[in-house]
Amino acid sequence: MERTLSLIKPDGVQKKLTGEIIKRFENEGITIVAMKKVHLTQKQAEGFYAVHRERPFFNSLTKFMTSGPIIAMVLEGENVIAKNRKLMGATNYKEAEEGTIRREFATDIEKNVVHGSDAPETAAFEIAYFFNNLEITG
Ligand code: CMP
């Protein structure tokens with residue numbers, strides 16, 4: 001069993017894609033073991049994306065991530081990190097496979113609807129960034 005962090009970004013929440021995205025997770029047998037809606041401050045967005053702080057898109061990305069509420073979820077399942085990344089599709093929606101969330105709903109490399117942890121170490125950091133142990137059901 002593995003866990004990963006999934007975020008529905010401000011564009012996804014604004015377009016009312018939350019139910020659609022959750023349905024895709026559940027159809028794949030993934031279990032949501034924690035979920036909350038939050039509106040990040042600039043500092044919180046910068047902390048979450050700290051690994052990207054030297055990238056040219058950092059300021060724009062963190063501003064976008066604070067532009068509206070997001071949904072944070074902890075997903076659980078076998079190989080859930082890879083499974084979630086397959087459901088999301090490539091970061092750049094133009095390169096994402098047909099039928100993936102980003103291919104279908106993203107409008108921009110930045111406004112790409114969802115975020116998912118890319119490895120067990122980042123999943124551990126990202127889950128702890130949003131949830132404490134009491135908020136995650138077994
Ligand atoms: P995400 O998977 O959340 O990880 C970093 C985010 O930065 C990415 O999705 C995009 O929303 C955003 N981003 C903007 N421009 C780029 C870029 N050129 N390459 C990668 N990520 C980008």
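**Exercise 1.** Find which helices and strands each supply at least two residues of the lining of the largest pocket, and keep in mind that you're working with a predicted model.

*Solution.*
Step 1: Go through the helices. Helix 3 (42–48), helix 5 (80–88) and helix 7 (120–130) each bring at least two lining residues.
Step 2: Now the strands. Strand 4 (114–116) also supplies at least two.
Step 3: Pick the top contributor. That's helix 7, which gives three residues.

**Exercise 2.** Describe the space in the largest pocket and sort the residues of its lining.

*Solution.*
Step 1: Start with the volume, which comes to about 620 Å³.
Step 2: Look towards the centre. Of the 24 lining residues, Y49, H52, F57, T91 and H115 are the closest to it.
Step 3: Sort the lining by character. You get nine nonpolar, eight polar and seven charged residues.

**Exercise 3.** Work out where the ligand sits and which side chains make polar contacts with its oxygen atoms.

*Solution.*
Step 1: Locate the ligand. It sits in the largest pocket.
Step 2: List its neighbours. Around the ligand are K9, Y49, H52, F57, L61, T91, R102, I109, E110, N112 and H115. This shell splits into four nonpolar, four polar and three charged residues.
Step 3: Check the distances against the 3.5 Å cut-off for a polar contact. A side-chain N or O atom of Y49 is 2.5 Å from a ligand oxygen. For H115, a polar side-chain atom lies 2.9 Å from a ligand oxygen, and for N112 the distance is 3.2 Å.
Step 4: Finish with the cover. On its own the ligand has 450 Å² of accessible area, and the protein covers 80% of that.

Notes:
Residues numbered from 1 in each chain as written. Predicted model: local features only at pLDDT ≥ 70, side-chain atom pairs only at ≥ 80, totals over all residues. Heavy atoms only, no water. 1 Å grid on protein atoms, 1.4 Å probe; cavity = no way out; pocket = protein on both sides within 12 Å on 5 of 7 lines; lining within 4 Å. Points joined across faces, edges and corners; volume = space filled by probe spheres on them. Helix = DSSP H or I, 4+ residues; strand = E, 2+ residues; numbered from the N terminus. Nonpolar A, V, L, I, M, F, W, Y, C, P; charged D, E, K, R; others polar. Near = heavy atom within 4 Å. Polar contact = N/O pair within 3.5 Å; in protein donor to acceptor, adjacent residues only side chain to side chain. Areas by Shrake-Rupley, 256 points an atom, 1.4 Å probe, with all protein chains shown as cover. Sits in = over half its atoms within 2 Å of the grid points.
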